[in-house]
Amino acid sequence: MNRENKYRGFSIELNKWLFGFFMIGLNGESYIIHKVKVDENTTILEYTIVAPESVGQFAGLPDKKGVDAYENDLAKHPSSKHLFEIVFYKGAFWLQSQEPSLLKNNIKTNISHLEFCEIIGNSFTNPELINK
């Protein structure tokens with residue numbers, strides 16, 4: 001498998017998304033280990049605490065506009081207007097419909113359909129989108 005293994009998490013302290021590797025600290029804190037450019041010739045790795053509920057793994061595919069998709073991203077299908085959340089379920093990434101009638105039946109569709117969708121947010125910073 002050649003899928004890139006990367007994560008993202010939201011740092012409350014820095015008020016921004018960080019991208020890199022995921023780590024759980026000895027006290028249970030969630031960290032993203034990310035690159036920081038010190039100067040023109042030097043880049044270091046830094047680890048920063050992130051909100052645990054914001055952590056998501058790269059799903060391995062971009063949306064129709066080329067935006068990398070991560071677990072917990074929200075994607076909209078242009079023709080059906082359905083909203084999907086990217087979820088990791090039974091060892092694979094899926095698009096979980098957020099339509100009430102389909103959500104109660106736990107309906108999921110193949111992640112490959114993401115190529116027809118556009119990422120419009122995520123469940124951490126845009127929870128209001130799920131309830132629309």
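Q: Why is Phe93 called buried in this predicted model?
A: Its relative accessibility is 7%. Buried means under 20%. The value falls under that limit, so Phe93 counts as buried.

Q: What makes Phe88 partly exposed?
A: Phe88 has a relative accessible area of 39%. The partly exposed class runs between the buried limit of 20% and the exposed limit of 50%. Therefore Phe88 is partly exposed, being neither buried nor exposed.

Q: How many aromatic pairs does a search of the whole structure find?
A: Eight. One of them joins Phe10 and Phe124, with 5.7 Å centre to centre and 45 degrees between the planes.

Q: Why is the pair of Phe10 and Phe124 called tilted?
A: Centres must lie within 6.5 Å to pair, and 5.7 Å meets that. Stacked needs planes under 30 degrees apart, and edge-to-face needs over 60. An angle of 45 degrees fits neither class, so the pair is tilted.

Q: How do you know that this pair links distant parts of the chain?
A: Phe10 is in strand 1 (residues 7–11). Phe124 lies in the segment after strand 11 (118–122). The two are 114 residues apart.

Q: Are Phe10 and Phe124 buried or partly exposed?
A: Phe10 has a relative accessible area of 11%, under the 20% limit, so Phe10 is buried. Phe124 has 22%, which lies between 20% and 50%, so Phe124 is partly exposed.

Q: Why is the pair of Phe88 and Phe93 called edge-to-face?
A: The planes stand 65 degrees apart, and the centres are 4.9 Å apart. Edge-to-face means over 60 degrees, with centres within 6.5 Å. Both conditions hold, so the label applies.

Q: Which residues form one aromatic cluster with Trp17?
A: Phe10 and Phe124 do. Trp17 also carries a charge over its ring: the charged end of Arg8 sits 4.5 Å from the ring centre.

Q: Where does Lys6 lie?
A: Lys6 lies over the face of Phe58. The distance to the ring centre is 4.6 Å, and the cut-off is 6 Å.

Q: What makes up the largest nonpolar core?
A: Eleven residues: Ala59, Ala69, Ala75, Phe84, Ile86, Phe93, Leu95, Ile111, Leu114, Cys117 and Ile119. Strand 8 (83–89) and strand 9 (92–97) are the elements that give two or more residues to this core. A second, separate core has five residues, among them Leu18, Ile32, Val50 and Val55.

Q: Which residues does Leu114 touch, leaving out those up to four places away in sequence?
A: The list is Leu61, Pro62, Asp63, Lys64, Ala69, Ala75, Ile86 and Leu95.

Q: Why is Ser30 called buried?
A: Ser30 has 6% relative accessibility. The limit is 20%, so Ser30 counts as buried. Ser30 belongs to strand 3 (residues 30–39). Beyond its neighbours within four places in sequence, Ser30 is in contact with Phe22, Met23, Thr48, Ile49, Val50, Pro52 and Val55.

Q: What order do the six strands of the open sheet take?
A: The order is 4-3-2-1-5-6, with antiparallel pairing.

Q: What makes strand 4 (42–50) and strand 6 (68–70) edge strands?
A: Each pairs on one side only. Neighbouring strands of this sheet are turned by 50 degrees against each other on average, direction ignored.

Q: How do you know that strand 3 and strand 4 pair?
A: Pairing needs at least two bridges. These strands have nine, so they pair, and the sense is antiparallel. The bridge partner of Asp39 in strand 4 is Thr42.

Q: Why do strand 10 (108–110) and strand 11 stand at the edges?
A: Their sheet is open and antiparallel, with five strands in the order 10-9-8-7-11. Strand 10 and strand 11 each have a single partner strand, so one side of each is left without a neighbour in the sheet. The twist averages 40 degrees from one strand to the next.

Q: What makes strand 9 and strand 10 a pair?
A: They share three bridges in the antiparallel sense. The requirement is at least two, so they pair. Leu95 has Thr109 as its bridge partner in strand 10.

Definitions and conventions. Residues numbered from 1 in each chain as written. Predicted model: local features only at pLDDT ≥ 70, side-chain atom pairs only at ≥ 80, totals over all residues. Heavy atoms only, no water. Phe/Tyr/Trp six-rings, centres within 6.5 Å; stacked < 30°, edge-to-face > 60°. Helix = DSSP H or I, 4+ residues; strand = E, 2+ residues; numbered from the N terminus. Buried < 20%, exposed > 50% of the residue type's maximum accessible area, 1.4 Å probe, protein only. Lys NZ or Arg CZ within 6 Å of the ring centre and 35° of its normal. Core = buried A, V, L, I, M, F, W, Y, C linked by side-chain atoms within 4.5 Å. Contact = heavy atoms within 4.5 Å. Axes fitted to C-alpha atoms, helices over the stretch in contact; angles between N-to-C directions.
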